[in-house]
Amino acid sequence: DSASNGFSFKGIKDYLDCYRSGKLTPSQVAKNIIAVLEDCDKSTPPLRAIVQWDQEQIMLMAEASTARYRKKCTLSYLDGIPVCLKEEFKVVPYHHRVGTVYLGTEPETEDATVAKKLREAGAIIIGVSNMHELGTGTTGCNPNRYHKIPRNPYKPNHCTGGSSSGSAAAVAAGLCPVAIGTDGGGSVRIPASFCGVVGLKGTFGRISCHGSLPLSYSTVSVGPICTSVADAAIVYSILAEPDPLYSYGLKQPKATLSDMCAPDLKGLKLGVDWTFFKACDPEVLSVCEKAVEHLKSLGASVVQVSLPEMEEVRVAHVICILSEMRDFLQPDFNKHFQEMNLETRATLALASQFTALDYITANRQRTRSMRFLQEIFTTVNCILTPAVATTAPRIYESDLLTGSSDLSSTARSIRFMQLGNFTGIPGLVVPIGYSTAGLPISFQVMAKWWDEAVLLRIGLKLEQFRYQTKKPSIYYDVLA
């Protein structure tokens, strides 16, 4: 808990303080959120963060939580906390559209594991959030009739980032302090970075993907988008455990938050490959270099490391994720081609050019890269990079009609993201400043497999580097 000067996002603790003191009940907060959901899509331009919500469902969960607070028998730190889940997850009773117009024709009757766990923790699910169609892009631009273009709360004429676009926009705009996304090529970390909030991609398999559309089974991890590192730690501790329905995470070690609140960073070795680190816009680099100095001032040592074969990693990750998506979406591509956004069609058409040989070679590269990382992590605890090489790109008029496809911009967005998805290591992004145009700039910390605790420890200290939090131009205070 830190004294804030000026604006600060409302986090889990603010909600709990209101509930425990009796200042507000979960039911009153839910009513405020419903009013905000009605308002934010009538505004010009509409926010389009939450694309499906149901007043009755929200109130049912809120009233149950209010009764638990009255009896002093709450279920967890998330009891009464508003959350949303990316449309990639099955959430009763919403349509599991995954950003398309053709999937999820009937309402869902079964929850994804993460939705089920959030309900069991007493959270109030306020709806499902917008996403890039089928998770195939990094801008979040989705021009189809059910979704439309979500807006960046800091600058509404800029992208949110994707593919968990609505999740990041909802958190940054104050609709809820917690959202859940998926990340196969930066899809939690890019929108969190562009929208100036915290995003955690767990180790591959750490949080169950059961009940989300299995677009790419070897690169996708689930993670929370929150207003603070502490909140990300709370959500992580509730969601991170083996799920009998999700075989990839069965053999994981127990999730801990050990040493997370240590007073300093003494004894930690932070690895930086400076050549790789500097491959970003000058404005991003300048803030990120200062953040490294800040971590050093807290007792950590910064060690020069070499991340080998990053160009090979870049190509191999693209081959893996697109080949797997193309394989899974083959029937859709044949049957629903005309209903897909133009960008999705182009991406899947490109993916069909990869051969089995390409895919096998890419996976051999994965084995090599994981071995390199194993060696690097014997000498350092973490690897530091900027989060995204640029700030959020502009939304153009044509994007509203046809979406956006700019491969060089996509490559810049995912440059620092791909290593984590390709090898399965966890990554945390934390906002550390703003560009002269007022757009958020974020920093990334990656650690060895299953060591999310050290990310959260460093993340808490990174938050202290940001001397102020700027208020987004679209922001709703639902506790007011």
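## Helices, cores and odd backbone spots

Arg48 counts as buried, at 16% relative accessibility (buried means under 20% relative accessible area, exposed means over 50%, and partly exposed is in between, using a 1.4 Å probe and protein chains only). A quick word on the ground rules: this is a predicted model, in which local features need pLDDT of at least 70, side-chain atom pairs count only at pLDDT 80 or more, and totals for chains, interfaces and linings use all residues. Residues are numbered from 1 along each chain as its sequence is written, and side-chain values use heavy atoms, with hydrogens and water left out.

**Odd spots in the backbone**

Most residues other than glycine have a negative phi, and most peptide bonds are trans. Arg48 goes against that habit: it is not a glycine, yet its phi is positive, at about 55°. You'll find Arg48 in the loop between α2 and β1 (helices are DSSP runs of H or I with at least four residues, strands are runs of E with at least two, and both are numbered from the N terminus). That loop between α2 and β1 (50-52) also holds Pro45, and a cis peptide bond with omega of about -10° joins Thr44 to Pro45.

There are two more oddities to look up. Glu309, in the loop between β8 (301-304) and α10, also has a positive phi of about 55° without being a glycine. Glu309 is partly exposed, with a relative accessible area of 24%. Then there's Pro93, in the loop between β2 (82-86) and α4 (113-120); the peptide bond leading to Pro93 from Val92 is cis, with omega near 0°.

**Two pairs of helices**

Two packed helices are described by the angle between their axes and the distance between the axes. Start with α2 (residues 26-40) and α3 (residues 55-71): their axes come within 7 Å and cross at roughly 160° (axes are lines fitted to C-alpha atoms, for helices over the stretch in contact, and angles run from 0 to 180 degrees between N-to-C directions). The two helices, α2 and α3, are therefore roughly antiparallel to each other (under 35 degrees is roughly parallel, over 145 roughly antiparallel, 65 to 115 roughly perpendicular, and the rest oblique). Who does the touching? On α2, the contact residues include Ala30, Ile34 and Leu37, and on α3 they include Ile58, Ala62 and Tyr69 (contact means heavy atoms within 4.5 Å). The contact of α2 with α3 divides into 8 nonpolar, 4 polar and 3 charged residues (Ala, Val, Leu, Ile, Met, Phe, Trp, Tyr, Cys and Pro count as nonpolar, Asp, Glu, Lys and Arg as charged, and the others, Gly among them, as polar).

Now hop over to α10 and α13 (residues 356-379), which pack at an angle of about 130° with their axes 9 Å apart. That makes α10 oblique to α13. Among the contact residues are Val313, Ala316 and Ile319 of α10, together with Tyr359, Ala362 and Arg366 of α13. The contact of α10 with α13 divides into 6 nonpolar, 4 polar and 4 charged residues.

**Helix α12 and the cores**

What is buried in helix α12 (residues 342-351)? Glu343, Thr344, Arg345, Thr347, Leu348 and Ala351 are. Their cover includes α10 (310-328) and α11 (330-335).

The largest nonpolar core has 142 residues, and Leu175 and Phe443 touch the most other members (a nonpolar core is a set of buried Ala, Val, Leu, Ile, Met, Phe, Trp, Tyr and Cys residues joined through side-chain atoms within 4.5 Å). Apart from it lies another core of 14 residues, including Tyr102, Leu213, Leu322 and Ala351.

**Two residues in helix α16**

Gly420 sits in helix α16 (residues 418-423), and Asn421 is found in α16 too. Gly420 is buried, with a relative accessible area of 0%, and Asn421 counts as buried at 1%. Here is a partner for each from elsewhere along the chain:

| C-alpha pair | Apart along the chain | Separation |
|---|---|---|
| Gly420 and Gly186 | 234 residues | 8.5 Å |
| Asn421 and His317 | 104 residues | 7.6 Å |

Leaving aside neighbours within four places in sequence, Gly420 is in contact with Lys201, Ile425 and Met446. With the same neighbours-aside rule of four places, Asn421 has contacts that include Asp183, Gly186, Arg189, Lys201, His317 and Arg366.
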